[in-house]
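Colleague: Could you take a close look at the cavities for me? I'd like to know how many a search of the whole structure finds, and which residues line the largest cavity.

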Amino acid sequence: MDDARDHDRPDLDPALLRAARTARRVAVLTGAGMSAESGVPTFREPGEGFWSRWSPEELATPEAWEDDPQLVWSWYLWRARQVRALAPHAGHRALAAWSRGARVEVVTQNVDDLHERAGSAVLAHLHGSLFAFRCAGCSAPYPAERVPGLAPGAAAPGGEPEREHPPACPACGGPVRPGVVWFGELLPEGALDRAAEAVAAAELVVVVGTSGLVQPAASLPLIAAGRGIPVVEIDPRDTALTPHADFTVRAGAARALPLLVPGAAAASC
Ligand code: APR
């Protein structure tokens, strides 16, 4: 009889499991890898990340928007429609379940809404959201439900963005822009402070799926390390944050988080 055990099941350190079981306050910092198993591409993975197919300078900067608002609008709308057609995975659901037994504060660099759709409240979207639109002129918010192709259940978009005009702001007529933080722009007001406070007050910090290359988000785990708060990194690869982690789980988020979250593995059987 073959051993039915899951051979590539990551073995989590008993000390880490104990910390997860006893922590009353947990800070979770997620990056693009958290959404990878839901089908959302990451940014820097060789050959398949967004930045290997498109240039951030041409799409994710204020200058790119000034230069070609249609191109930038179309790319972000295409990404938003993609996310709408995807679903949270077991790792998102495990984090949401954890928050029913402890104070779990999710801080994400991701602009998708997969944490929310799994039931987590997100303390801070450090880089904004694909579903928060505003006028580039007067900053008036623009409702996502008015943006074509974003209604829940809308069909997934094609393989490439198609050029579309950004809508006009009803208040001033200016072009509506994505509510995503572009390189060189400030983070949403208060987001970093809330995130830093959550990390400093946590009994365990869980870092999931970030290369740790983009500041100021990458500095958050160092707040914990500087205070002796245990940090666990969940990522199939070593990252710039690995040296600051007390525990590393070399596995994907969808596999590792249900094993880390108290009671989640039993619940998912
Ligand atoms: N589970 C966990 N981690 C994963 C998985 C997975 N299934 N798949 C990939 N990863 C890891 C990769 O190994 C990598 O370390 O996720 C990380 C993704 O790194 P990046 O693509 O650099 O994404 P991120 O760190 O979130 O980028 C930060 O850069 O371009 C900007 O604004 C963008 O928010 C983004 C920021």
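Modeller: Here's a walk through the cavities, followed by a strand that helps to line one of them. Keep in mind that this is a predicted model, where local features need pLDDT of at least 70 and side-chain atom pairs count only at pLDDT 80 or more, while totals for chains, interfaces and linings use all residues. Residues are numbered from 1 along each chain as its sequence is written, and side-chain values use heavy atoms, leaving out hydrogens and water.

The search turns up 2 cavities of 30 Å³ or more. A cavity is a set of points on a 1 Å grid over the protein atoms alone where a 1.4 Å probe fits but cannot get out, and its lining residues have an atom within 4 Å of a point.

Let's start with the largest cavity, at about 100 Å³ (the space filled by probe spheres set on the points, which are joined across faces, edges and corners). It has 13 lining residues, and V40, F43, R79, V111 and D112 are the ones nearest its centre. Helix α6 (residues 69-84) is the biggest giver, with 3 residues in that lining (helices are DSSP runs of H or I, at least four residues, and strands are runs of E, at least two, numbered from the N terminus). Both domain 1 (1-39 + 87-127 + 187-269) and domain 2 (41-85 + 130-180) put at least three residues into the lining of the largest cavity; the bounds come from an automatic or database domain assignment. Sorted by class, that lining comes out as 8 nonpolar, 3 polar and 2 charged residues (Ala, Val, Leu, Ile, Met, Phe, Trp, Tyr, Cys and Pro are nonpolar; Asp, Glu, Lys and Arg are charged; the others, Gly among them, are polar).

Now for the second largest cavity, which holds about 70 Å³ of space. Its lining has 13 residues, with L29, Q109, T210, A217 and A218 closest to the centre. No charged residues turn up in this lining, just 9 nonpolar and 4 polar ones. β1 and α10 (220-226) each chip in at least two residues to the lining of the second largest cavity.

So where does β1 sit? Strand β1 (residues 25-30) pairs with strand β7 (residues 204-208) in the parallel sense over 5 bridges (pairing takes at least two DSSP bridges). In that pair, T30 stands opposite V208. The whole open sheet has 6 strands, in the order β3-β2-β1-β7-β8-β9, with parallel pairing. At its edges, β3 (122-125) and β9 (247-249) each have a single partner strand, so one side of each is left without a neighbour in the sheet.

Note on methods: On a 1 Å grid over the protein atoms alone, a cavity is a set of points where a 1.4 Å probe fits but cannot get out, and a pocket is an open set with protein on both sides within 12 Å along at least five of seven lines; lining residues have an atom within 4 Å of a point.
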